[in-house]
Amino acid sequence: MAYDHFGAPIKSTEVALARAPDAVESWCRHPYSEPVAMKPATTLPAVRVANSSIRDPQLAASTLASQLRHEHLGCVLFFCSAEYDLVRLGPALEQAFPGVRVSGCTSAGEITAEGYDRGCITAIGFDARYFAIDCALIRELDQFSLQDAQQVIDGLLATCRDADLAPVRGNTFAITLLDGLSSREELVLATLNAALGTIPQFGGSAGDDERLANTHVFFDGRFHTGAATVMLVNTPLDFRVFSTHHMVERSEKLVVTGACAETRTVYELNAEPAAEAYARAVGVEVAALDRKIFALRPLGVKIGGHYFVRSIQRVNPDGSLTFYCAVETGIVMTAMKPDSLLDSVRTQIEASERVVGSPLVTIGCDCFLRRLEAELTGQAAAVSDFLQHHKVIGFNTYGEQFNGMHINQTFTGVVIGQPAASSGTA
């Protein structure tokens, strides 16, 4: 297994921890089918993908089930538009997939087998003979402790070991989905990362079609707010977890001289009202600041020699700026500008495919501001075609997650290789 974090070493290891507390829920474990010898994916697909644009929850769920359900289906991961009636969709999905783990979240746009889409549900079904998967719900984000994290990861790891598909070390990764408006991603991710050790982790913050009102994660037949899900995936197939962005630094520097990290609000930059200082740095009037400017002119923080994007959500009436990531007083922010959006993701996905071979599927978490930029610059069709060609299934997020970090305007995910290419068995 391989993984890339701007040249970081491989991250995958076994973790032995304790039982899960009440703050964390986990699906009860189901018996797994016997592992099978690897066969070409053309005759025995290890995943199936599906999507539906039907708005009626019952019909949408049954349509997904008709495309995904088979005797060895072990888990379904989905991403859906917040336009659905979520109160009805949750039970409909539970009914459509009895005895199957189902996890997912609402989105700010979907990535289907046909590329970019909106107003639909896109889903991946995992064959239990190739994937041992367990999931947990974290309900009390404010109180999530290292002990909680260690206990939930232990419960998930137990399922991987019981399935006996592959050793945990080097064959396991984690997918995290968080309420995108909870403002608690940093706390939860850092805590989970400590418990995961060297197991690679990626994910995204749930969206709501850019309404910025209510975002949800799905667990145990219901959509939840103020919560997060953790999915641990163990597989003998080759995979590569990656993260990339296409922003490059400019010369302008802005020091955060007044901020509230809890609300992600910056009041002053360079000891001036934040909106005024930012507008001057990017060369526009304060009145012109909108989501288009935020998408094309984000700010970045340099950590360990690399820039990580911090995107602005809105300008407040008092001239402060609210961000999608936590920003603290004293940090230095750098004005950023876009390079080639498509080239950055192409480089990482093609590098991953050189490692794992022809992709079985790529699960992708793509910031909604990247998609907005693609639409503004006329690149949306080209990006969509690329995602379709490389078998990317995923969603547009309100923030991306990578090895304990919450970041913006990034594409992060995992490329999973075909069974025939993973172990040399036929």
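## Exercises around strand 4

Let's start with one pairing: Leu 77 has Ser 103 as its bridge partner in strand 5. This is a predicted model, where local features need pLDDT of at least 70 and side-chain atom pairs count only at pLDDT 80 or more, while totals for chains, interfaces and linings use all residues. Residues are numbered from 1 along each chain as its sequence is written, and side-chain values use heavy atoms, with hydrogens and water left out.

**Exercise 1.** Work out which strands pair with strand 4, and in what sense.

*Solution.*
- Step 1: find strand 4 at residues 73-81. Strands are DSSP runs of E with at least two residues, helices are runs of H or I with at least four, and both are numbered from the N terminus.
- Step 2: look at strand 5 (residues 101-107), which is parallel to strand 4 and shares seven bridges with it. Two strands count as paired if DSSP finds at least two bridges between them.
- Step 3: turn to strand 8 (residues 121-127), where seven bridges also link up with strand 4, this time antiparallel. One of the contributors is Phe 79, whose bridge partner in strand 8 is Thr 122.
- Step 4: trace the path from strand 4 through helix 2 (residues 86-96) to strand 5, and you have a right-handed β-α-β unit. Right-handed means that, with the strands pointing away from the viewer, the path from the first strand over the helix to the second runs clockwise.

**Exercise 2.** Decide why strand 4 is called largely enclosed by the rest of the structure.

*Solution.*
- Step 1: count its buried residues, and you get nine of the nine, so the strand is largely enclosed. Buried means under 20% relative accessible area, exposed over 50%, and partly exposed in between (1.4 Å probe, protein chains only).
- Step 2: zoom out to the chain, where 61% of the 426 residues are buried.

**Exercise 3.** Find the residues with the most contacts inside the largest nonpolar core, then follow up Phe 126.

*Solution.*
- Step 1: the core has 38 residues, and Phe 126, Phe 131, Phe 173, Phe 202, Ile 363 and Ile 416 have the most contacts inside it. A nonpolar core is a set of buried Ala, Val, Leu, Ile, Met, Phe, Trp, Tyr and Cys residues joined through side-chain atoms within 4.5 Å.
- Step 2: the biggest share of this core comes from strand 24 (residues 359-367), with four residues.
- Step 3: leaving aside neighbours within four places in sequence, Phe 126 has contacts (heavy atoms within 4.5 Å) that include Leu 73, Leu 77, Phe 131 and Ile 363.

**Exercise 4.** Explain why Cys 325 has no bond to Cys 367.

*Solution.*
- Step 1: the sulfur of Cys 325 is 9.0 Å from the one in Cys 367, its closest cysteine sulfur, so they are too far apart for a bond. A disulfide is a pair of cysteine sulfur atoms within 2.5 Å.
- Step 2: check the whole structure, and the disulfide count is zero.
- Step 3: note the surroundings too, as Cys 325 is buried at 0% relative accessible area, while Cys 260 is partly exposed at 25%.

**Exercise 5.** Locate Asn 270 and Lys 391, and state the sign of phi in each.

*Solution.*
- Step 1: Asn 270 lies in the loop between strand 17 (265-269) and strand 18 (272-273). Its phi is positive, near 55 degrees, and Asn 270 is partly exposed at 33% relative accessible area.
- Step 2: Lys 391 belongs to the loop between helix 9 (380-389) and strand 25 (392-397). Here phi is positive as well, near 60 degrees, and Lys 391 is partly exposed at 38%.
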